[in-house]
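I would like a careful look at one part of this model, with some attention to how far its coordinates can be trusted.

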Amino acid sequence: MTYITRRLLLLIPVLIGVSILTFTILRLAGDPTLTYLQNPERATPQQIAEIREKYHLDEPLYVQYYYWLDGVLHGDFGWSKTANLPASQALTMKFPATFELAVLATIFAVVIGIYVGTTSAVRVNSITDQSSRVIALVGVSIPVFWLGIMLIMVFYNRLGWAPIPQGQYTFTDFDRASLKSQTGFLLFDTLWSRDWNFFLDHLAHLILPAVTLAFASTAIIIRMMRSSMLEVLGAEYVKTARSKGLPERVVIRKHARRNALIPTTTVIGLSFGGLLGGAVLTETVFSWPGLGQWSASAAVNLDTAAIMAFTLMTAIIYVLANLIVDIVYAYLDPRVRLG
Amino acid sequence: MSSKPNQKTPEKSGARPRKDGGEDMIQRMLRSGPVGRIGLAIKPRIKELKFSLHLMSKSATSIAGVILIILLIILAAFPFFFAHPQSGRDPFLIPKDFSAPIPQAPGSKYPLGSMENGASIYYGIIWGSRISMAFAIQVVVVGVIMGTMLGLIAGYKGGVIDEIIMRLTDIFLSIPSLILIMAVAAALGRGLGATKLALIAVWWSGYTRLIRGQVLSVRENSYIDAARASGSGDLKIMFRHILPNSWAPVVVQATMDMGSVVLVLAGLSYLGLGAPSGYAEWGVMVSDGQFFVAVGYWWMVFFPGMAILMFVLAFNLMGDGLRDVLDPKMRR
């Protein structure tokens with residue numbers, strides 16, 4: 001328990017560091033005055049002065065940071081002009097769409113990655129193994145936006161199997177608002193409201209972006225699974241299991257794969273944490289209304305409040321994902337001690 | 001690949017049999033002079049390199065990677081040889097032919113098809129290789145130098161210095177770098193220069209962590225104590241003894257990062273933050289062509305994307321091969 005507390009306390013310096021660094025870089029990179037104006041071309045000097053006064057832009061950098069930090073400590077992350085909402089509210093509103101995408105992509109990646117990785121290690125140096133290695137390399141080499149466009153071309157434009165790749169559903173926003181449950185997690189909301197058509201429609205919209213997103217993670221999981229499986233297959237206890245006369249299938253499933261899964265869990269956890277931060281490119285290609293798309297437009301428009309809120313959230317997720325992975329690892333492998 | 005490194009025999013690693021006695025004077029002079037000393041230091045490394053190359057040549061995937069990289073280097077070094085630029089224009093802007101405004105399918109005039117206003121995709125891919133190669137080399141080389149120095153110092157010095165450098169590294173690693181790069185690139189104005197600066201600013205942190213981990217274990221070896229006992233200074237120990245024994249994973253990572261940098265560049269250009277529209281940059285070409293896919297002009301997106309894939313794959317194949325070769329534990 002003290003270990004977890006200590007790790008959580010370490011979050012504070014990281015968050016302070018991350019926020020100071022991001023804030024400084026944003027301010028050094030460009031003056032945000034004009035981005036606060038409705039019509040930057042026709043702004044009067046008076047309007048500009050008002051904006052500079054309102055956002056403390058004439059103060060020294062550390063004073064500006066102080067104002068920001070003061071707001072955050074009072075729960076005010078500032079106004080996101082790209083979302084036209086308070087930044088914290090925009091964050092919670094965009095999160096469910098990204099979360100659903102990340103979960104589905106991780107499920108795809110885990111199922112395929114573990115299966116292919118195991119098979120490839122069991123038949124090491126076979127054709128299956130060689131081709132799975134190449135597939136894994138292609139998976140990390142493929143430009144994700146291109147993959148998305150190609151999938152849309154084949155499955156929407158040519159075959160017509162996929163629904164139009166714009167957003168989360170073909171229903172209207174009114175239909176969505178009339179769902180009985182309004183958590184924002186659409187899969188859950190539609191299921192809870194027993195609106196099967198909406199549910200299936202949403203699921204259909206999810207599949208292509210999730211596959212696109214899963215590609216890279218699958219490749220990473222295949223590689224990790226293969227190498228840890230190879231290591232485990234050389235272990236003494238696998239020899240023992242074999243010499244006891246256990247069928248190979250049981251040796252692989254019960255003795256080898258279970259242990260090989262331990263290091264793979266780490267990779268899965270970290271990649272899921274990464275996906276939660278939003279997939280800028282995938283969400284842009286599929287017009288997916290999640291964190292990735294929002295943060296991208298925030299970055300392009302120098303929406304300081306949004307970028308800061310998003311950066312803090314991602315840093316927290318990164319640190320927490322590392323912590324959870326370490327705890328799970330120690331639980332799965334009792335030889336590892338935390339401390 | 002059955003031989004292990006400690007079983008290396010001279011004939012396998014290609015060392016010449018030593019002559020008995022009869023060394024002539026020049027050779028003796030060379031040995032005792034500075035040239036000779038360098039020669040003695042280099043010889044085992046050449047031996048090692050030969051052995052590594054021998055191992056790599058046995059893996060089909062690394063050979064494929066090396067061949068692809070050589071092809072890409074040739075393209076990037078001599079693009080004018082494969083696609084003539086119009087004289088007096090920026091060669092990185094794809095030349096246009098306004099007599100053919102509608103995108104054309106691959107054919108005799110346009111080997112890989114054309115974009116709007118007769119911009120040849122073949123031309124864009126050839127000149128795009130130069131942009132990608134130059135960009136990746138600059139980002140990776142600067143990143144490796146910065147990251148390695150910091151990691152080396154942190155790992156070797158330890159204590160407060162280590163703590164400061166590593167906390168800073170942690171901060172950089174936990175920042176959503178793509179968003180920060182986008183913001184910086186957006187603020188500095190659209191263009192390759194801004195993107196490059198922004199990328200370099202965040203790229204070093206991975207190498208720092210990698211090399212520090214290596215240094216921590218390497219510095220515990222007794223040959224480091226021996227070097228210190230024989231009077232070597234900190235700098236000499238760091239650069240002569242620790243660095244050469246810790247950089248293998250960085251070499252692997254840097255090779256693969258050549259591809260990753262190009263992926264990021266293409267992604268940023270696709271989002272409208274890298275090269276401007278109409279440039280011979282692969283991400284921009286995908287972005288310029290993406291809305292034509294719906295009307296069936298698949299070549300506008302397909303070929304530039306394949307170019308990115310091939311570039312990144314080449315360096316990943318090579319990095320994968322290098323990993324097997326450079327890590328003695330992985331040598332099978």
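Q: Over which residues of chain B does pLDDT stay under 50, and how many contacts beyond four places in sequence does the model have for them? With that settled, please look closely at helix H9 of chain B (residues 192-203).

A: This is a predicted model, and in chain B pLDDT stays under 50 over residues 1-22, a stretch for which the model has 15 contacts beyond four places in sequence. Where pLDDT is low, the predicted coordinates should not be read in detail. For chain B as a whole the mean pLDDT is 80, with 86% of its residues at 70 or more; among its elements, helix H1 (residues 10-13) has the lowest mean, 41, whereas H6(B) has the highest, 92. The model scores ipTM 0.84 and pTM 0.83.

Turning to H9(B), its 12 residues should span 16 Å at 1.5 Å a residue, and because its end C-alpha atoms are 16 Å apart, the length agrees with that expectation. The buried residues of H9(B) are B:Leu192, B:Ala194, B:Thr195, B:Ala198, B:Leu199, B:Val202 and B:Trp203. Viewed down the axis of H9(B), these buried residues fall within an arc of 160°, so they line one face of the helix. The general background is that an α-helix has 3.6 residues a turn, so residues three or four places apart point the same way. As for what covers the buried residues of H9(B), the surroundings include helices H6 (121-157), H7 (159-174), H8 (177-188), H10 (205-218) and H13 (248-270) of chain B. Among these covering helices is H6(B), the element with the highest mean pLDDT in chain B.

Definitions and conventions
Residues numbered from 1 in each chain as written. Chains lettered and ligands numbered in written order. Predicted model: local features only at pLDDT ≥ 70, side-chain atom pairs only at ≥ 80, totals over all residues. Helix = DSSP H or I, 4+ residues; strand = E, 2+ residues; numbered from the N terminus. Expected span 1.5 Å × (residues − 1). Buried ≥ 20, exposed ≤ 12 C-beta atoms within 10 Å, placed from the backbone. Arc of directions from axis to C-beta. Contact = placed C-beta atoms within 7 Å. pLDDT = per-residue confidence, 0-100.
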